[in-house]
Amino acid sequence: MEEDPFKAFIGKQEYLDNFFQILEIHKKSCLRQNLLEDAEMTQKNILMLRTHAANIEKESLQQKFNKDFYELELWNKEQVDKINKYWEGIALDYEKKFKEDEEQLLQEQTAKMEQLKTFQLEKQNQCTISIQLKLIESSESGSRRNSEVAKEKTKLKDLKQRQREERKKLSGSHKKQLEITRMKAEKKRNEIAKKWKSELEIQEKKFLKHKKELLNKLNVGKKNQDLRLKAKKRAMVAK
């Protein structure tokens, strides 16, 4: 299929005007020679060809828009991918650090609890030894030491109760400390997500702005072609 010869005039309005000027001269020549049918046919051809030329120009504008818009979409995708890759890296690095910090905190808390239990066990052993000594002394001296043994057993019972409360208090403190750490982590995650979203929104606005500019350029170009064609038609009718 042969290429439309009017495509050679795309963006070359001066050459196109010269072409139609030649046809106008031919039409006038026909009129001077009283070749009215030829003049009318030339007039129809001029109108048809001007319309065709305007459509070719608008088609060219549309193709240019399609090409530019395709490139704009590629650029936008590249920018979005770049933003996502950057913030995914930030998020993953933070999660890695948080897991390490959380694990270290849990290890420290476990070590503190074990240390407390060891210390408490030593206290219990001391109290138990004291009871055993009292029992030995009681067996040697009869019932005179029984009350002292009972007191030591009560002291051991009270000691165990205080120790349970100490462990419970430490466990509560550790739990609260862990909750605070996790709340801070969640806050940081939200900050990352917010900044991530903000950058994507800024990129989206840039994309839409460029898209609007391309559409405006296309619409203005097509409108100018229509206005130019209407003006030429009115001028021909006036003649």
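Asn 34 is exposed in this predicted model, with a relative accessible area of 58%. That value lies over the 50% cut-off, so the residue is classed as exposed rather than partly exposed. Asn 34 sits in the loop between α1 (13–32) and α2. Its backbone is notable for the sign of one torsion. Most residues other than glycine have a negative phi. Asn 34 is not a glycine, yet its phi is positive, at about 65 degrees.

Helix α2 spans residues 36–141 and includes Leu 133. Asp 68 also lies in helix α2. The relative accessibility of Asp 68 is 16%, so this residue counts as buried. The side chain of Asp 68 makes a polar contact with that of Lys 64, at 2.5 Å.

Leu 133 contrasts with Asp 68 in its class of exposure: Leu 133 is partly exposed, whereas Asp 68 is buried. The relative accessibility of Leu 133 is 47%. Together with Ile 129 and Ile 136, Leu 133 makes a nonpolar surface patch. The area of this patch is about 280 Å².

Two cysteines were examined for burial. Cys 30 has 3% relative accessibility and therefore counts as buried. Cys 127 has 11% and is likewise buried. Both values fall under the 20% cut-off. A disulfide is a covalent bond between the sulfur atoms of two cysteines. The search for such bonds covered the whole structure and returned 0 disulfides.

Methods: Residues numbered from 1 in each chain as written. Predicted model: local features only at pLDDT ≥ 70, side-chain atom pairs only at ≥ 80, totals over all residues. Heavy atoms only, no water. Patch = residues over 30% accessible without salt bridge, like charges linked within 9 Å, V, L, I, M, F, W, Y side chains within 5 Å. Areas by Shrake-Rupley, 256 points an atom, 1.4 Å probe, with all protein chains shown as cover. Salt bridge = Lys/Arg side-chain N within 4 Å of Asp/Glu carboxyl O. Helix = DSSP H or I, 4+ residues; strand = E, 2+ residues; numbered from the N terminus. Buried < 20%, exposed > 50% of the residue type's maximum accessible area, 1.4 Å probe, protein only. Disulfide = S-S within 2.5 Å. Polar contact = N/O pair within 3.5 Å; in protein donor to acceptor, adjacent residues only side chain to side chain.
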